[in-house]
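User: I should like to learn how to read the features of a structural model, one at a time. Could we begin with strand pairing and proceed from there?

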Amino acid sequence: MADDLRLQPGEPAWYQLPAEEAARRLRTDPTQGLAEDEIMRRREYFGPNEIREGKRRGPIAMFLGQFTDFMILVLIAAAIISGLIGDVVDTIVILAIIVLNAIVGFVQEYRADRAVAALKQMAALSAHVVRDSASQIVPAVELVPGDVVLIEAGNAAPADLRLIEAVQLKIEEAALTGESQPVEKLVRAMHEPELPLGDRRNMAWKGTLITYGRARGIVVSTGMDTELGRIAALLRSEEEGKTPLQKRLARFGSNLAVAVLVICAILFVTGLLRGEPVMLMLLTAISLAVAAIPEALPAVVTVSLALGARKLVSQNALIRKLPAVETLGSVTFICSDKTGTLTENRMRAEEIYADGRQERAITPALAAADPWRALLQALALSNDARLDNEGKMIGDPTEIALFEVAGTAGLDKRLLEQEMPRLGEIPFDSERARMTTLHRSLDVVIAYTKGAPEFMLPLCHDSQGKNGTEPLDHGEVEIIAERMAAEGLRVLAVAQRRWPSLPDKLEADGVEKGLTLLGLVGLMDPPRPEARKAVELCRSAGITPVMITGDHPATARAIAQRLGIIEDRGEVLTGRELARMEMTEFEEHVERVRVYARVAPEQKIKIVKALQDKGEFVAMTGDGVNDAPALKRADIGVAMGVTGTDVAKEAGHMILLDDNFATIVAAVREGRRIFDNIRKFIKYTMTSNSGEIWTIFLAPFLGLPIPLLPIHILWINLVTDGLPGLALAVEKEERGIMQRPPRPPNESIFAHGMWQHILWVGVLMGAASLFTQAWAIHTDHGHWQTMVFTVLTLSQLGHVLAIRSEADSLFTQGVFSNRPLIAAVLFTFGLQMATIYVPWLNPIFKTEALTLDELVFCLAMSCIVFVGVEIEKWAVRRGRLYTTVRTR
């Protein structure tokens, strides 16, 4: 049975089995491979070696799904009602807004649905296999468990392999595990339980790239059973949650619908009790209901987000999903991958030790004398890195870093190679953890050896000093090497031995002994220069940065300390420790942990979920395949544009075009500005609607006739909510926008005094309108209805000018600092005057031309709202009102 080829629960993992046992378990011959008939049986059982895509919604279903939002349903109802009462213009406007939003949402969803498709492109197209004792090239999709595969530098692993032979093999696994450097592979079994993927050094994972050497391996998993397949399954299973704005608008829409229905019902019943005509009250109640629904809100939100996204592109942040712009303003935690995001994604020598002293860099003056000269010669010559024709360094990242040390000190590798040609080498071996090259130097041969200090120091019997060889203090050097390693550096020891001639046998046991230590070199993938400042800005904005990496804990701690993410004694949680924690236990710690090391892809999702369960809004940055499920699960996924894989880019909501962590800060600023402006629009439109409702609702109780006709209500709603409201989308940011904490995720959109403002300014607007009506009737002005219509319209224009800032006066901001808004206000004022003074419009809008004194009176009453709001802001600035509003 083919099913027994899969490991069962409780059995040792493939990396724990010896190569021979793995071959026996998979019923294959490592030299001859599988027989063709057995391959057919296994392919029928296991299926093709490919990443399967889940069932996708078709384009039509995607498009129709855009109409399920509650606010959209309310707008559809409003459009139907407008059509029934004959207001065709309002119906067309509402339907146009609904369709526009559906198109935008459809485009976003269609693009996001391609994430799993990008995973398929990572799979190798072909594979070199041994079958029936013959070597052949086959499509990678045809591989089955038990196939014997040959891989070499430049190949992508076509499936998950248990290595059975490896010659100087190095594999780039950063996209899958987060490990910043190519991993040196071996063949022996590793018996430690639950090792992270990056530590399973006898395995090759599907989709990873072989950078050096060659190997033979047995396929242990194909298709969706591979580690890459597991990530694809995670990616499909992770559904994106609604953004903070979407949640707030959904609550707002449902509450508004209920409130409007109650108010309109009361108005209708009250009118009937006063003896008003049934049809007039019905049309008035319906018109008021339509007017109270802010149909321009979805358009304002879309325009605000689109303008913000356009602005962010110029700042190297590409927004894939529009709601992500606003979500940034709510983010409380940024979980960032280390490699390539917070660091430069290249190795660099951070510390060099020789002759009892440590140096950050070796100057040409220092390089002129031993032991520094000998050390630099060893770094340059015992090195396979080189310059290509364009002057670009190519080779292993570690050797490139060593090459740079020698070059910076003034050594020319090409000249050195002419003076000291390489005669032979003993290649690097992961068991020995060192390599040796031998060079002719005048009449002697010098062997340079470099490798891990714990393997090198026992082979050294003395050290090179400025006056020749000196006794080696093993204890002192070991302490220095341990201290460098504790600081997160990858430490290499460099030594030499002089020979009178080239040894007869170039074997490690004979050549790599009796060495003279030249020095130690500490290497690190250093933090980006701008990343520390970005971390500080995050903190000032109340955002907690967290590092999540596949690298070793010591390296993660060192980078985090340099960046200011943790203090000296900050907690570093490893993937193994995290795996032992139940979710409830982990949630008690999650808000205190700042660094996670050696984590697996599913653990990144666990971290994001735990933070979300604690009420946090999480941004996840990353560039690898391993980041994609967490990018999708996070409230906002931020993918790297330069080093990022296609999978990460498709899963993310936003792409950093310069891979710069600091760019996120600019995006957070823009997100906060956009949300502020959306709040201003809601404040504006709901206060206007409040004024209309109070005007119509209170008139009967004051013994006044119905002050406005249905056409007046719909006109006010159309012209005042339209252009002036849209112009608020381009309002500049508030002062101190990055010195305030993020908005609590569950905070109401009406917080910080907004609902009080809507209530009292609406009452003030209604009072000014009703006072105008009462005064006109009392003084026998026959145009009282046109006067109420004008005062209510112009009061809303004064209001929109006053609410451009939460606290600053309009005159402090500058009247013309938002030119689109001024233009919209003047245009709307002109339209209102046209309904009064253009004769053929009078019968349509049921208006009459006002006299000059009536118009002046209306203008004076309209200013009351503007003055009242300016007084409110004066009280806010002095801390006497809405004390939660930040003014600086």
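Analyst: Let us begin with a single pair of residues: lysine 170 stands opposite glutamate 184 in S5. The model is a predicted one. S5 (residues 183–184) is joined to S4 by two bridges, and the two strands run antiparallel.

User: Which other strands pair with S4 in the antiparallel sense?

Analyst: S4 (residues 160–172) pairs with strand S7 (residues 209–221) over ten antiparallel bridges. Within that pairing, valine 167 has arginine 214 of S7 as its bridge partner. S4 also pairs with strand S6 (residues 203–204), over two antiparallel bridges. There, arginine 162 is opposite methionine 203.

User: How many of the residues of strand S24 are buried?

Analyst: A residue is called buried when its relative accessible area is under 20%. In S24 (residues 618–622), five of the five residues are buried, so the strand is largely enclosed by the rest of the structure. Val618, Met620 and Gly622 point one way, Ala619 and Thr621 point the other way, and all are buried.

User: Which strands are joined to S24, and in which sense do they run?

Analyst: Strand S9 (residues 333–337) runs parallel to S24 and is joined to it by four bridges; isoleucine 334 has alanine 619 as its bridge partner there. Strand S25 (residues 636–640) also runs parallel to S24, again with four bridges, and threonine 621 is partnered by valine 638.

User: How should one read the buried residues of a helix, for example those of H2?

Analyst: An α-helix has 3.6 residues a turn, so residues three or four places apart point the same way. In H2 (residues 36–46), the buried residues are Glu38, Ile39, Arg42 and Phe46. They cover an arc of only 100 degrees around the axis, which puts them on the same side of H2. These buried residues pack against S1. Following H2 comes glycine 47, with a positive phi near 80 degrees.

User: Arginine 131 lies in S1. Is arginine 131 buried or exposed?

Analyst: Arginine 131, in strand S1 (residues 126–131), counts as buried because its relative accessibility is 2%. Its side chain makes a polar contact of 2.7 Å with the side chain of aspartate 147. A polar atom of the arginine 131 side chain also lies 3.4 Å from the backbone oxygen of glutamate 142. Beyond its neighbours within four places in sequence, arginine 131 is in contact with residues including Gln32, Leu34, Ile39 and Arg43. Ile39 is also one of the buried residues of H2.

User: Which residues touch the most other members of the largest nonpolar core?

Analyst: Leu520, Met547 and Ile565 do so, in a core of 77 residues. Helix H27 (residues 663–698) gives the most to this core, with ten residues. Apart from it lies another core, of 47 residues, among them Tyr684, Phe789, Leu794 and Ala802. Methionine 547 touches, among residues over four places away in sequence, Ser336, Leu342, Ile565 and Tyr596.

User: How should one read unusual backbone geometry?

Analyst: Most residues other than glycine have a negative phi, and most peptide bonds are trans. Asparagine 316 is not a glycine, yet its phi is positive, about 70 degrees. Asparagine 316 is in the loop between helix H11 (297–313) and strand S8 (317–319), and is partly exposed, with a relative accessible area of 33%. Alanine 433 likewise has a positive phi, of about 60 degrees, in the loop between strand S14 (422–429) and strand S15 (434–441). With a relative accessible area of 12%, alanine 433 is buried.

User: Where is there a cis peptide bond?

Analyst: The bond joining aspartate 370 and proline 371 is cis, with omega about 5 degrees. Proline 371 is in the loop between strand S11 (357–359) and helix H14 (372–381).

User: How many disulfides does the structure hold, and how many helices and strands are in the protein chain?

Analyst: The structure holds zero disulfides. Cysteine 858 counts as buried at 0% relative accessibility, while cysteine 863 counts as partly exposed at 44%. The protein chain contains 35 helices and 26 strands, and 58% of its 888 residues are buried. Among contacts with a separation of 6 or more, 73% are between residues 24 or more positions apart.

Terms used. Residues are numbered from 1 along each chain as its sequence is written. Side-chain values use heavy atoms; hydrogens and water are left out. Buried means under 20% relative accessible area, exposed over 50%, partly exposed in between (1.4 Å probe, protein chains only). A polar contact is a pair of N or O atoms within 3.5 Å; within protein, one must be able to donate a hydrogen and the other to accept it, and residues adjacent in sequence count only if both atoms are side-chain atoms. Contact means heavy atoms within 4.5 Å. The arc is that of the directions from the helix axis to the C-beta atoms. A disulfide is a pair of cysteine sulfur atoms within 2.5 Å. A nonpolar core is a set of buried Ala, Val, Leu, Ile, Met, Phe, Trp, Tyr and Cys residues joined through side-chain atoms within 4.5 Å. Two strands pair if DSSP finds at least two bridges between them.
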